[in-house]
Amino acid sequence: MSEEELPYDSFMLVSFGGPEGPDDVMPFLENVLRGKNVPRERMLEVAEHYSHFGGVSPINEHNRQLLAAIRTEFESAGVDLPVYWGNRNWNPLFPDTLQQMKDDGCRRSLAFFTSMFSCYSGCRQYRENIIAAQEQVGEGAPIVEKVRMGFNHPLFIETMAESVQNEIDTLGVVTSDVTVLFTAHSIPMSMADNCDYEKQLREASRLVADKVGASDWNLVYQSRSGPPQQPWLEPDVCDAIAEMDDQKKIGHLVVVPIGFVSDHMEVMFDLDEEAADLCQQRGIKMGRAKTAGTSPKFVQMVRMLVEERIGKSQQKLAVGELGAWHDVCPADCCQYTPRRPQGVRPT
Ligand SMILES: C=CC1=C(C)c2cc3[nH]c(cc4nc(cc5[nH]c(cc1n2)c(C)c5CCC(=O)O)C(CCC(=O)O)=C4C)c(C)c3C=C
Ligand SMILES: [Fe+2]
Ligand SMILES: [Fe+2]
């Protein structure tokens, strides 16, 4: 039987990983930044952020909760696939997960990446990591195929719109009095030029803003890590807040980390500490919308993306103008060759 004829026999949650104690922080960051043009000072700065929280990122715990919710959702919908979990940067790492899957007899798996938007980091790099892990495991390692990007799935848009509406309600104002800033991880322009990251983010932000009836909204970026000489996606969330507030005085602001699916360290530090401090200094009332996490509609979306691939459903739901994204990435999808700016020495 050829690979394409094998039935899907398992599901894999593919994620980033995070440290679970002080001793994990530096080796984790070294894994994250391997091959990336990021100054050592930035790595140490980020290590400090993790130290603030005892060296523990909540991302692994979030993924454990998401796994449990997916198992329950699969069970109640009759999706009969065992559920596994592997990370790029911290335990459980991909080679260990694939070895376990092989030992359990899995041959062909469907994967959900915890990245809703296409770019090297959230798409191609995971696929490369999995190929490297398959080589490490050797013959008999399961094939892993990702489900399509869910950035414009109606259940993701509804999840985020409900989360934004919650924050507007908590601020106790009408939507027309609120500025909404959608945020995502900044990436180098040389990465952004080879993928649809920005286009998908803008579309998802527009769809969520439309759903809550917000007209004063913008897409901004956070967590930039590159050297100053290298262009990355802008504006930065804090620069955008300061600039908008200088121009027109922001009264109420809702910050929406639409580019992430869990309230991990980058959300807790860059938004809940830095952006929140800035807003407090300027007298802006700020709310931060929760990420999708384990909200029921988001978990249902994962199940539906799986069902459309295993042939249990003929529906491929998508809202807005971009349509359902590709199931199988084209050969040149999300390519990235880091370019070092002139005069910058490798770190
Ligand atoms: C060149 C691009 C990137 C660098 C350098 C980078 C450094 C960096 N990132 C984290 C922590 C996280 N990053 C996460 C997501 C994420 N990171 C990038 C790009 C770079 N990060 C992108 C485009 C994305 C979004 C897509 C994705 O891969 O998920 C996350 C969230 C992961 C998740 O599963 O939710 C974390 C956490 C650190 C600590 C770091 C080092 C300075
Ligand atoms: Fe990152
Ligand atoms: Fe891709």
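K249 is an exposed residue of this predicted model, because 10 other C-beta atoms lie within 10 Å of its own and a residue with 12 or fewer counts as exposed. K249 belongs to the loop between α9 (237-248) and β7 (252-256), and its phi is positive, about 55 degrees, although K249 is not a glycine. Most residues other than glycine have a negative phi, and most peptide bonds are trans.

C334 also departs from that pattern, with a positive phi of about 60 degrees although it is not a glycine. C334 sits in the segment after α11 (296-310), and it counts as buried because 21 other C-beta atoms lie within 10 Å, where the cut-off for a buried residue is 20 or more.

Two peptide bonds are to be noted as well. The bond from N91 to P92 is cis, with omega near 0 degrees, and P92 lies in the loop that runs between β2 (83-87) and α4 (94-103). The bond from E234 to P235 is likewise cis, with omega near 5 degrees, and P235 is part of the loop between β6 (217-222) and α9.

Helix α8, which covers residues 197-212, contains 16 residues and spans 23 Å from its first C-alpha to its last, close to the 22 Å expected at 1.5 Å a residue. Its buried residues include Y197, Q200, L201 and E203, along with others such as L207 and V212, and the buried residues of α8 pack against α6, β5, α7 (189-192) and β6. After the helix comes G213, whose phi is positive, near 75 degrees.

Between α6 (154-171) and β5 (178-185), two of the elements just named, a loop holds D177. D177 counts as exposed because it has 11 C-beta neighbours inside 10 Å. Apart from its neighbours within four places in sequence, D177 is in contact with G251 and H252, while its C-alpha atom is separated by 42 Å from that of W90, a residue 87 places away along the chain.

The last stop is ligand 1, which has 29 residues around it, and of these F16, T114, S115, S121 and G122 come nearest. The elements that give two or more residues to this shell are α1 (25-33), α2 (40-52), α5 (120-137) and α10 (265-282). By class, the shell is made up of 15 nonpolar, eleven polar and three charged residues. Both domain 1 (3-150 + 297-310) and domain 2 (154-288) contribute residues to the shell, and therefore ligand 1 lies between the two domains.

Methods. Residues numbered from 1 in each chain as written. Chains lettered and ligands numbered in written order. Predicted model: local features only at pLDDT ≥ 70, side-chain atom pairs only at ≥ 80, totals over all residues. Near = placed C-beta within 6 Å. Helix = DSSP H or I, 4+ residues; strand = E, 2+ residues; numbered from the N terminus. Nonpolar A, V, L, I, M, F, W, Y, C, P; charged D, E, K, R; others polar. Domains from an automatic or database assignment. Contact = placed C-beta atoms within 7 Å. Expected span 1.5 Å × (residues − 1).
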